[in-house]
Amino acid sequence: IVLYTGGGSLAGLTVGGLSGPQYDLGAWMPNFPSSMRNPPPQAKGTTSLESYLDTIPEVNSTSLAIFTLWVICCEPGDSRSLGTYPDEHFTEEEPKRLITAFQGRLAQISQEIQERNKSLPIPYCYLDPHQIENSTSI
């Protein structure tokens, strides 16, 4: 028997809709330029405002990159969190027991993350199992 689960690596980049880390980082163009019109400087402190403006991407390139990030990071309407299986594919007791144990562990991890976030000035929810999709969808 093979059980497929969602991937935490992908979720670490895209979870949270428009508040996901990928969009948080990429929506500010200097953090995530979609292209560069000139090579980056080779030595620290050698840039000027003019050379910076000549290097960063044009508005249309930046707009396309931000739109792409927005599409990738939008939560689908039929999203199911990790460990949610609305269709019953297994009737045997052992797979059911393993699924229940997996769901229990996910709930425990989620609770630990929520407790930890109470003491943080900015909560980190990106890898909370309740925020991770059960599978990849765009």
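Helix α5 has a buried side made up of Pro95, Ile99, Leu106, Ser110, Ile113 and Asn117. The model is predicted, and α5 is a useful place to start reading it. The helix runs over residues 93-117. With 25 residues at 1.5 Å a residue, α5 should span 36 Å, and its end C-alpha atoms are 36 Å apart, so the two values agree. An α-helix has 3.6 residues a turn, so residues three or four places apart point the same way.

That spacing also applies to a charged pair in α5. Glu94 and Arg97 both belong to this helix and sit three residues apart, about one turn. Their side chains form a salt bridge, with N and O at 2.6 Å. Glu94 is partly exposed, because its relative accessible area of 42% falls between the limits of 20% and 50%. Arg97, at 47% relative accessibility, is likewise counted as partly exposed.

After α5 comes a segment that holds Tyr126, Asp128 and Pro129. Which residues does Pro129 contact, leaving aside its neighbours within four places in sequence? They are Ser81, Leu82, Leu106, Ile109, Ser110 and Ile113. Of these, Leu106, Ser110 and Ile113 are among the buried residues of α5. Pro129 itself has 5% relative accessibility and therefore counts as buried. The C-alpha atoms of Pro129 and Ala107 are separated by 7.5 Å, although the two residues are 22 apart along the chain.

Tyr126 is also buried, with a relative accessible area of 17%. In sequence, Tyr126 and Ile113 are 13 residues apart; in space, their C-alpha atoms are 9.8 Å apart.

Asp128 contacts Ser110, Ile113 and Gln114, again leaving aside neighbours within four places in sequence. Ser110 and Ile113 also appear in the contact list of Pro129. Asp128 carries a charge, and a buried charge raises the matter of a partner. How far away is the nearest side chain of opposite charge to Asp128? That side chain is Arg116, 9.6 Å away. A salt bridge requires a nitrogen and an oxygen within 4 Å. Asp128 is thus buried and has no salt bridge.

Elsewhere, charged side chains do pair up. The whole structure contains four salt bridges, and the pair within α5 described above is one of them. Another joins Glu58 and Arg37, with N and O 3.4 Å apart. This pair links distant parts of the chain, its two residues being 21 apart: Glu58 is in the loop between α3 (49-55) and α4 (59-73), and Arg37 is in the loop between α2 (21-26) and α3. Glu58 is partly exposed, at 44% relative accessibility. Arg37 has a relative accessible area of 41% and is partly exposed too.

A further salt bridge connects Lys118 and Glu115, whose closest N and O atoms are 3.1 Å apart. The two ends of this bridge fall into separate accessibility classes. Lys118 is exposed, because its relative accessible area of 64% is over the 50% limit. Glu115, with a relative accessible area of 40%, is partly exposed.

The surface also has a nonpolar part. Leu64, Phe67, Trp70 and Val71 form a nonpolar patch there, with about 400 Å² of accessible area together. One of the four, Val71, is found in helix α4. Val71 is partly exposed, at a relative accessible area of 36%. A residue needs over 30% relative accessible area to join a patch, so Val71 meets that condition.

These details fit into a chain with five helices and zero strands. From the N terminus, its elements run α-α-α-α-α. Buried residues account for 22% of the 138 residues; those in α5 include Ile99 and Leu106, and the segment after α5 adds Tyr126 and Pro129. The accessible surface of the chain is about 9900 Å², with 59% of that area belonging to carbon and sulfur atoms. Of the contacts between residues at least 6 apart in sequence, 58% join residues at least 24 apart.

Methods
Residues numbered from 1 in each chain as written. Predicted model: local features only at pLDDT ≥ 70, side-chain atom pairs only at ≥ 80, totals over all residues. Heavy atoms only, no water. Buried < 20%, exposed > 50% of the residue type's maximum accessible area, 1.4 Å probe, protein only. Lys, Arg positive; Asp, Glu negative; His and termini not counted. Contact = heavy atoms within 4.5 Å. Patch = residues over 30% accessible without salt bridge, like charges linked within 9 Å, V, L, I, M, F, W, Y side chains within 5 Å. Areas by Shrake-Rupley, 256 points an atom, 1.4 Å probe, with all protein chains shown as cover. Expected span 1.5 Å × (residues − 1).
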